[in-house]
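Visitor: Please take a close look at one part of this model for me. I would like the aromatic rings, and then how the rest of the chain is laid out.

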Amino acid sequence: LYPYLSSSSSGALMMGLQYCKPMILSDIPVFRETLHDGQNCLMFPCGDAEALASVMVEAAQNRPRCRQMADALYRTDFSAYTWESVGRATLQVYSSV
């Protein structure tokens, strides 16, 4: 569960991805760039507690859909988001300045 109000990145999310478990996230830009609502996660409007509660109930009541999302996470290539990849990209930015 990632009910962030804002973020430019999330180490917790990157760690969580490796477990390939169903995820519920606020629809902030960094999460929308990484995951796909209804395909490999469930998203809710940022700051909307009622929507969050609704998505949580949906996930609890629909185990087959949660398994499908977990399977989709497993098949998704997140290699661009590993610590090593992020470190290399950061080094390239610093080297270019």
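Guide: What follows starts with the aromatic rings and then moves out to the whole chain. Keep in mind that this is a predicted model.

Start with the count. The ring rule gives 3 aromatic pairs. Take the pair Tyr2 and Tyr4. Their ring centres are 6.1 Å apart, and their planes meet at 55 degrees, so the pair is tilted. The cut-offs make that plain: centres must lie within 6.5 Å, and only plane angles over 60 degrees count as edge-to-face. Tyr2 and Tyr4 do not stand alone. Together with Phe31 they form one aromatic cluster.

How are these two tyrosines covered, buried or partly exposed? Tyr2 is buried, at 12% relative accessible area. Tyr4 is partly exposed, at 22%. The line for buried is drawn at under 20%, so Tyr2 falls inside it, given its 12%, and Tyr4 falls outside it, given its 22%.

Stay with the early part of the chain. Ser9 sits in the segment before α1, which spans 11-17. Ser9 is exposed, with a relative accessibility of 51%. The cut-off for exposed is over 50%. Ser9 also has a distant partner in sequence to compare with. Tyr81 is 72 residues away along the chain, and the two C-alpha atoms are 10.0 Å apart.

Next comes Cys20. Cys20 belongs to the loop between α1 and β1, the latter covering 24-26. Its phi is near 50 degrees, a positive value in a residue that is not glycine. Most residues other than glycine have a negative phi. That makes the backbone of this loop residue worth a glance.

Now to helix α3, residues 49-61, which holds Val55. Val55 is buried, with 9% relative accessible area. What does Val55 touch, leaving out residues up to four places away in sequence? Its contacts are Ile24, Leu42, Met43 and Phe44. For Ile24, the C-alpha separation from Val55 is 7.5 Å, across 31 residues of chain.

Helix α5 gives another picture. It covers residues 83-96, 14 residues in total. From first C-alpha to last it reaches 20 Å, close to the 20 Å expected at 1.5 Å a residue. Of those 14 residues, the number buried is 1, so α5 lies largely in the open. Val93 is part of α5. Val93, Tyr94 and Val97 make a nonpolar surface patch of about 400 Å².

Step back to the whole protein. There are 5 helices and 2 strands. Read from the N terminus, the order of elements is α-β-α-β-α-α-α. The C-alpha atoms fill a box of roughly 50 × 30 × 15 Å along the principal axes. The protein has 97 residues, and 32% of them are buried. The accessible surface is about 6500 Å². Carbon and sulfur atoms account for 55% of that surface. As for contacts between residues at least 6 apart in sequence, 41% join residues at least 24 apart.

To return to your request: the rings to display are Tyr2, Tyr4 and Phe31, which form one cluster. Then show Val55 with its neighbours Ile24, Leu42, Met43 and Phe44. For the surface, pick the patch of Val93, Tyr94 and Val97.

Key
Residues are numbered from 1 along each chain as its sequence is written. This is a predicted model: local features need pLDDT of at least 70, side-chain atom pairs count only at pLDDT 80 or more; totals for chains, interfaces and linings use all residues. Side-chain values use heavy atoms; hydrogens and water are left out. Rings of Phe, Tyr and Trp (its six-membered ring) pair if their centres lie within 6.5 Å; planes under 30 degrees apart count as stacked, over 60 as edge-to-face and the rest as tilted. Buried means under 20% relative accessible area, exposed over 50%, partly exposed in between (1.4 Å probe, protein chains only). Helices (H or I, at least four residues) and strands (E, at least two) are DSSP runs, numbered from the N terminus. The expected span of a helix is 1.5 Å times one less than its number of residues. Patches are made of residues with over 30% relative accessible area and no salt bridge: like charges are joined within 9 Å, nonpolar side chains (Val, Leu, Ile, Met, Phe, Trp, Tyr) within 5 Å. Accessible areas come from the Shrake-Rupley method with a 1.4 Å probe; for residues, only the protein chains shown count as cover. A salt bridge is a side-chain nitrogen of Lys or Arg within 4 Å of a carboxyl oxygen of Asp or Glu. Contact means heavy atoms within 4.5 Å.
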